[in-house]
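Subject: Structure handover

Hello,

Here is the structure for you to take over. Please look through it first; my notes on what was found follow below.

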Amino acid sequence: MAIKREFIVFGLLGLFILVIFTQMGTAFSLRMLMEASCYAIIALGLTIQWGYAGLFNVGIMGFIAVGGFLTMLISFPVNDKFWNSSMPAELGMVFVYALVGIALTWAITKSGHFGVSKKLRTFLAVTTGAIAYLVVMNTLGPVGDEIESKAGFIGGFGLPVFVGWVVGGLGAGIIAYYVGHICLGLRSDYLAIATLGIAEIIKAVFKNADWLTQGTLTVSPLPWPTPTPNDVGFIAARSGYLVVTTILVVVIYFALQRAYNAPWGRMMRAIRDNEVSSAAMGKNVNKRRLEIFILGSILMGLGGAALITSTRIFDPSGFLPLNHTFLIWVMVILGGSGNNLGAIFGAIFVYLIWIISEPAAILMFQTIQTYGLAWFDWNAPSDLISRALQMRVFVIGLTITLVLRFAPQGVLPEKVTNHG
Amino acid sequence: MNELIFFFNKVVVAGTVIGSIYALGAIGVTLVFAILRFSHFAHADIMTFGAFMSYILVVAFPELGGYVGLPTGFVVMPIAMLVTAFFAVGLDKAFYKPLRDNNVKPVVMVIASIGVTLMIQGVLRLFAGTTSRNFYFAENKEIFRIKLPFEAASRKIFITEPQILLVLFLIVAVISLHFFLTRSRLGKAMRAMSDNPDLSRISGINTNVVVWTTWMIAGGLAAAAGTLLSLDVTLKPDLSFNILLPIFAAAVVGGVGKPYGAIAGGFVVGFAETLAIFNWSILLRPFSGIIPDWIDVPSTIAFVPTEYKIVVPFVLLIAILVWRPTGIFKGKVL
């Protein structure tokens with residue numbers, strides 16, 4: 001019975017994709033699928049955080065941005081103008097200052113061993129930290145400006161793209177470690193607030209640190225792991241990229257499926273469903289949660305890296321909470337949280353709808369505009385198109401609330417098996 | 001002396017203004033949390049909604065303020081507050097109550113509130129676009145320039161009319177909220193429900209009425225905060241998360257579930273922001289003769305560049321979570 005439902009759902013999805021292929025052309029549809037598969041990786045990351053462990057992450061955008069940035073940094077061609085000047089040395093000095101500052105502050109926090117009282121320790125640590133921070137910021141400022149004016153930005157390391165993806169995932173994981181370490185011991189609301197904050201901060205940094213990311217000037221074209229459209233044409237290049245991401249999705253799916261049915265996955269669900277009893281059984285609840293939070297964030301970083309690479313442009317102002325956080329939430333809760341196939345289905349389905357809804361919304365509003373003018377002599381505002389797209393914000397919100405209320409299980413509900 | 005006045009304008013005035021806004025928002029967040037036990041992410045967009053209600057009224061009756069001698073936006077604000085209060089109750093009935101009746105986990109309520117915030121955002125931007133608007137299209141914003149009676153002070157202290165109204169409103173709101181919570185029957189019921197919902201229900205408190213009151217207060221204060229903020233600067237339809245984070249930080253810093261804590265937290269966050277982005281180098285300028293040459297005073301010494309202002313409430317939030325999760329006023333730990 002359960003198998004049947006999945007066959008039907010995916011069969012309908014396949015039909016839907018087929019219709020899109022015939023209507024929209026192969027190149028366009030391949031691009032959609034390519035991006036949808038990247039979203040599927042991110043959605044798998046969220047479904048293990050939310051579906052396996054019940055962790056509420058509202059900062060997906062931040063992890064995607066980190067993944068995208070790191071893959072840009074690792075794989076973008078080397079900027080000789082920067083490396084052949086004295087600027088790398090100056091930048092290195094800033095890092096040395098920062099390391100010394102961190103080391104000093106850390107040493108002071110550990111000075112309790114030598115009999116320094118706690119109040120004095122806190123005071124000294126905060127002062128040292130603040131002074132070190134000011135010194136670093138004041139040395140970084142001019143260096144950053146110099147890099148900006150003379151070399152544009154620091155460029156990349158010119159390493160293979162796959163290295164960038166892996167590093168992107170790891171970077172997201174490291175941030176998740178610190179966020180989770182602080183917030184996971186408290187109630188889930190704090191995690192939501194903190195992830196929301198960290199995502200906005202990451203975006204602010206990438207947008208304003210021009211020496212690192214070129215800010216609003218954006219970085220392009222990002223190198224691809226497969227032959228680019230310039231070499232082999234759109235269809236072949238996108239098919240190649242799609243193959244790579246599909247392999248990733250499949251590998252991650254099977255790994256997660258195995259983990260889900262393993263004792264580790266059972267333990268996670270036990271913690272999600274009854275925290276108290278699993279703690280009483282001797283499970284380290286916070287540590288397990290931290291584990292799965294980091295794992296999910298690594299997948300988000302990886303998916304974000306693949307997503308940003310696929311668009312070939314790193315644009316810090318292009319990261320929007322709506323596209324990169326809430327859309328993914330809709331994918332997961334609509335597809336069925338806790339069900340990996342559901343997450344993949346949700347990612348592809350919702351993304352296709354999302355892409356199609358753009359021309360549909362514009363068409364709808366243009367029709368309204370035409371008839372409004374003809375029948376009621378109504379002059380539409382000039383920014384009608386951008387307003388029409390806001391309609392999608394409303395629909396996303398409505399979908400979230402309706403699914404939560406009427407179908408909290410999603411299209412493909414989590415299969416609860418009894419291991420007896 | 002001029003430098004001190006500059007400091008006063010940039011830190012004391014600006015900090016008080018933004019702190020009051022955060023305080024008004026944080027009271028609502030903290031009350032909703034105390035009664036309903038979830039973090040209400042839609043609060044910032046309810047603020048924007050309230051500000052739009054005021055704006056519509058101002059457009060409809062632009063000459064109203066002239067009769068009273070106050071900005072029109074402030075005169076129509078009570079009506080906007082009332083509308084927003086009922087709007088908040090409606091949101092609760094439509095979206096939160098069904099979930100509450102299903103006994104969902106608190107985190108599902110949080111997700112639902114995010115869905116609600118997106119819906120409000122979508123509707124507002126659909127009808128109003130994303131451009132910022134000015135409340136003062138028909139009248140002038142009154143600015144008081146106060147000259148200090150000192151020889152050396154040639155700069156003036158700048159305070160605008162909406163800023164004074166904001167502070168006065170906050171004082172009145174806080175005092176009336178205090179008397180409401182401590183003296184009235186309904187206020188006592190609210191506090192009882194915040195302490196123990198089950199016990200208050202079985203002792204005969206009508207929990208539905210308490211919930212509605214909470215939403216009315218939260219919605220009304222949010223509308224006031226939104227309107228007063230828009231009067232002070234401009235009405236921006238896309239504030240949402242940028243103002244939500246400081247408000248949450250204020251509620252957590254003050255102690256979640258404690259209305260007085262929310263006020264203190266609002267001012268802590270507001271002043272932390274303005275102090276962090278203030279250029280301290282200006283205060284050192286009068287001493288340029290005293291400071292030895294080998295110390296090279298940079299022209300800007302700010303803790304945080306203005307672009308990174310959002311970092312400040314976040315750092316405060318994290319710091320309070322690490323050192324004292326209950327906040328200043330010993331609130332609840334979420």
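In which sense, left-handed or right-handed, does α8(A) pass α13(B)? The crossing is left-handed. Before the details, please note that this is a predicted model, and that the values below were computed from it.

The contact between α8(A) and α13(B)

Helix α13 of chain B covers residues 311-323. It packs against α8(A) at an angle of about 145°, and the two axes are 10 Å apart. From α8(A), the residues that make this contact are Y190(A), I193(A), A194(A), G197(A), I198(A) and I201(A). They meet V311(B), F314(B), L317(B) and L321(B) of α13(B). Sorted by class, the contact of α8(A) with α13(B) holds 9 nonpolar residues and 1 polar residue, with no charged ones.

The interface as a whole

That helix pair joins chain A to chain B, so to speak of the wider interface: 46 residues of chain A are in contact with 59 residues of chain B. About 4400 Å² is buried between the two chains, and carbon and sulfur atoms give 78% of that area. On the chain A side, the residues that lose the most area to chain B are R187(A), Y190(A) and I193(A); together they account for 15% of what that side buries. Y190(A) and I193(A) are also among the residues of α8(A) that touch α13(B).

How many salt bridges does the rule find across this interface? The count is 0, although the structure holds 10 salt bridges over all chains. Polar contact across the interface comes to 3 residue pairs, both residues of each being at pLDDT 80 or more.

Several helices of chain A each supply at least two residues to the side that touches chain B: α6 (118-151), α7 (161-183), α8 (188-208), α15 (321-335) and α17 (384-406). Of the elements on that side, α8(A) gives the most, with 14 residues. By class, the side of chain A that touches chain B has 32 nonpolar, 7 polar and 7 charged residues.

Inside chain A

α7(A) also packs within its own chain, against helix α14 of chain A, residues 285-311. The axes of these helices come within 7 Å and cross at roughly 145°. Here the crossing is right-handed. Among the residues of α7(A) in this contact are W165(A), G168(A), G169(A), A172(A), G173(A) and A176(A). The α14(A) residues include F293(A), I294(A), S297(A), G301(A) and A305(A). In total, the contact of α7(A) with α14(A) divides into 13 nonpolar and 8 polar residues, and none is charged.

One salt bridge can be pointed out by name: the side chains of R31(A) and E35(A) meet at 3.5 Å, N to O. Both sit in helix α2 of chain A (residues 26-52), and because they are 4 residues apart there, about one helical turn separates them.

Two backbone details

Both fall in the loop between α9 and α10 of chain A. The peptide bond from S220(A) to P221(A) is cis, with omega near -5°. Q214(A), a residue other than glycine, has a positive phi, near 65°.

Regards

Conventions
Residues numbered from 1 in each chain as written. Chains lettered and ligands numbered in written order. Predicted model: local features only at pLDDT ≥ 70, side-chain atom pairs only at ≥ 80, totals over all residues. Heavy atoms only, no water. Contact = heavy atoms within 4.5 Å. Buried area = accessible area lost by both parts, 1.4 Å probe. Salt bridge = Lys/Arg side-chain N within 4 Å of Asp/Glu carboxyl O. Polar contact = N/O pair within 3.5 Å; in protein donor to acceptor, adjacent residues only side chain to side chain. Nonpolar A, V, L, I, M, F, W, Y, C, P; charged D, E, K, R; others polar. Axes fitted to C-alpha atoms, helices over the stretch in contact; angles between N-to-C directions. Left-handed = near helix turned anticlockwise from the far one by under 90°.
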